[in-house]
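Here are my notes for you, as numbered points. Keep the structure open while you read, and find each residue as it comes up.

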Amino acid sequence: MKSQRRRLLVTGGAGFIGANFVHYWRHHHPTDELVVLDALTYAGNRMNLADLESAQGLEFIHGDIVDQPLAERLIREREIDTVAHFAAESHVDRSIVGPDQFITTNVLGTHSLLKACRKVWIEEKKQHGHRFHHISTDEVYGSLEPDQPAFTEDSPYAPNSPYSASKAASDHLVRAYFHTYGLQVTTTNCSNNYGPYHFPEKLIPLMIVNALHGKPLPVYGDGRNVRDWLYVTDHCAAIDLVLSAGTPGTTYNVGGDCERDNLTLIGLLCDLLDDAFVRRRDLCRRFRDAPAACGGKSADLIAFVKDRPGHDRRYAIDSSLIRDELGFVPKVDLERGLRSTIEWYLANEAWWRAVMSGAYRDWVARNYAAR
Ligand code: NAD
Ligand code: DAU
């Protein structure tokens with residue numbers, strides 16, 4: 001499959017990881033055709049693809065993955081041979097406030113796509129070398145104690161939030177379509193990503209934007225929850241390897257081998273941001289409310305707030321299967337990744353101001369006003 005020209009349907013390609021994947025793919029596989037299907041929820045932005053949309057070989061379709069006839073038509077008419085399925089509701093806090101949309105998009109939406117692929121690829125026998133790749137999360141495995149070994153592909157599913165439960169359900173559907181209908185599927189369960197285009201409701205970009213405004217950095221609970229961080233282009237490279245050489249029917253865990261508790265991570269992020277202000281005096285004029293603008297410390301903004309209900313204590317991923325079978329090794333270490341993420345947010349102020357206005361601002365006002 002590796003050398004042939006492919007036609008990919010990328011769902012959720014206007015979101016954080018999806019947009020990074022589209023950029024990655026155009027760079028590494030410039031002759032492949034890409035069709036992006038995205039509903040443009042608050043988390044999806046065409047701006048994320050603006051630099052690519054005029055190029056040949058990329059088509060954007062504004063549509064919903066729940067719409068099975070639309071997905072069927074795209075797969076049939078664009079002769080799609082590969083689906084890279086990113087589209088989802090992805091924020092745990094939102095799933096706690098309003099779980100229904102997570103069931104609709106993550107469970108029903110994934111099932112609609114699977115049905116569409118089965119219809120065109122198997123029942124109409126339109127594509128022999130097809131692949132449905134499902135992008136999933138380490139959160140399906142639940143929470144680890146400090147001394148427990150990292151999650152492997154054989155770890156039992158134990159999702160604790162409506163988000164992770166909906167992703168777990170979608171993983172099971174993907175698996176079932178392989179065993180029951182012979183759909184050629186692969187799944188990656190990945191740890192926490194960070195990098196450009198990350199919506200500033202998630203930990204790292206939220207901390208950057210708040211620190212630039214001199215606003216509190218809200219740390220849930222005692223701040224000792226542990227996540228395994230992976231720079232987003234490394235995740236894209238892992239998906240590329242699985243699409244090129246992964247075994248159909250297989251799940252691969254993907255992680256950064258980079259466990260940090262939230263306070264340690266935020267401390268490093270704050271130090272790197274303060275360092276950027278020391279090196280670049282223009283930042284002091286642009287962000288006058290940032291502590292670093294007047295020689296202070298961003299970390300002084302840390303504020304402990306009420307914990308997230310059902311907050312998973314620790315995630316850690318054992319990536320040995322994808323490393324041993326496909327040669328995956330993360331390339332970007334945490335400090336370099338955080339530095340380049342900070343640089344991206346400093347260079348793209350218009351982007352984060354735009355995505356944090358309108359519907360997003362209204363939602364925060366409704367749901368976080370009491371905090
Ligand atoms: P995101 O919230 O930034 O983007 C989701 C995208 O999906 C948006 O563009 C949105 O408009 C689109 N979308 C939502 N509902 C849709 C629908 N019904 N039809 C079509 N498009 C729809 O999410 P992300 O962080 O980029 O995550 C992408 C995928 O990776 C998700 O499946 C998520 O579960 C998984 N994942 C994320 C992480 C992470 O750290 N962010 C880690 C592991 C796995
Ligand atoms: O593990 C993979 C998952 O990582 C993905 O499947 C999810 O889509 C993605 O959102 C992410 O989930 P998390 O819940 O781990 O990410 P989040 O950025 O929301 O939170 C990271 C940690 O930081 C978590 O322990 C909660 C904490 N946190 C988060 C926010 C937003 C805070 O302490 N304060 C905050 O304001």
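1. Which element gives the most to the shell around ligand 2? That would be S8, with three residues. Before we go on, keep in mind that this is a predicted model. Two elements each give two or more residues to this shell, namely helix H6 (203–213) and strand S8 (217–220).

2. Let's stay with ligand 2 for a moment. There are 23 residues around it, and those that come nearest are Thr 137, Asp 138, Tyr 163, Arg 308 and His 311. If you sort the shell around ligand 2 by class, you get nine nonpolar, eight polar and six charged residues.

3. Now look at how side chains meet the oxygen atoms of ligand 2. His 311 has a side-chain N or O atom 2.7 Å from an oxygen atom of ligand 2. For Glu 139, an N or O atom in the side chain is 2.8 Å from an oxygen atom of the ligand. Arg 227 also puts a polar side-chain atom 2.8 Å from an oxygen atom of ligand 2. As for cover, ligand 2 on its own has 690 Å² of accessible area, and the protein covers 94% of that.

4. On to ligand 1, which has 28 residues around it. Ile 17, Asp 38, Ser 90, Tyr 163 and Lys 167 come nearest. You may recognise Tyr 163, since that residue is also on the list of those nearest to ligand 2. By class, the shell around ligand 1 holds 13 nonpolar, 12 polar and three charged residues.

5. Which parts of the protein meet the oxygen atoms of ligand 1? Tyr 163 does so through its side chain, where a polar atom lies 2.6 Å from an oxygen atom of the ligand. Thr 41 uses a polar backbone atom, 3.0 Å from an oxygen atom of ligand 1. Phe 86 likewise has a polar backbone atom 3.0 Å from an oxygen atom of the ligand. Ligand 1 exposes 840 Å² when taken alone, and the protein buries 96% of that.

6. The elements that give two or more residues to the shell around ligand 1 are helix H1 (16–28), strand S5 (131–137), helix H5 (162–181) and strand S7 (192–194). S5 gives the most, with three residues.

7. While you're at S5, find His 133, which is in that strand. Is His 133 buried or exposed? His 133 has a relative accessible area of 0%, so it is buried. Its side chain makes a polar contact of 2.8 Å with the side chain of Thr 188.

8. Aromatic rings deserve a look too, as a search of the whole structure finds 15 aromatic pairs. Take Tyr 345 and Trp 351: their ring centres are 6.1 Å apart and their planes are at 80°, so this pair is edge-to-face. An angle over 60 degrees is what earns that label. Tyr 345 is buried, at 0% relative accessibility, and Trp 351 is buried as well, at 7%. Both belong to a cluster in which ring pairs link Tyr 197, Trp 344, Tyr 345 and Trp 351.

9. Rings can also have a charge over them. The charged end of Arg 94 sits over the ring of Tyr 42, 3.4 Å from its centre. Over the ring of Tyr 181 you'll find the charged end of Arg 118, 3.6 Å from the ring centre.

10. Next, some backbone angles. Most residues other than glycine have a negative phi. Glu 79 isn't a glycine, yet its phi is positive, at about 50°. You'll find Glu 79 in the loop between helix H2 (68–77) and strand S4 (82–85). With 45% relative accessibility, Glu 79 counts as partly exposed.

11. Asp 257 is another non-glycine residue with a positive phi of about 50°. Its place is the loop between strand S10 (250–254) and strand S11 (259–261). Is Asp 257 buried or exposed? Its relative accessible area is 74%, so Asp 257 is exposed.

12. One last residue to find is Gln 127, in the loop between helix H4 (100–123) and S5. Gln 127 counts as buried because its relative accessibility is 16%, and the cut-off for buried is under 20%. From Gln 127 to Asp 171 is 44 residues in sequence and 23 Å in space, C-alpha to C-alpha.

Terms used. Residues numbered from 1 in each chain as written. Chains lettered and ligands numbered in written order. Predicted model: local features only at pLDDT ≥ 70, side-chain atom pairs only at ≥ 80, totals over all residues. Heavy atoms only, no water. Near = heavy atom within 4 Å. Polar contact = N/O pair within 3.5 Å; in protein donor to acceptor, adjacent residues only side chain to side chain. Areas by Shrake-Rupley, 256 points an atom, 1.4 Å probe, with all protein chains shown as cover. Helix = DSSP H or I, 4+ residues; strand = E, 2+ residues; numbered from the N terminus. Nonpolar A, V, L, I, M, F, W, Y, C, P; charged D, E, K, R; others polar. Phe/Tyr/Trp six-rings, centres within 6.5 Å; stacked < 30°, edge-to-face > 60°. Buried < 20%, exposed > 50% of the residue type's maximum accessible area, 1.4 Å probe, protein only. Lys NZ or Arg CZ within 6 Å of the ring centre and 35° of its normal.
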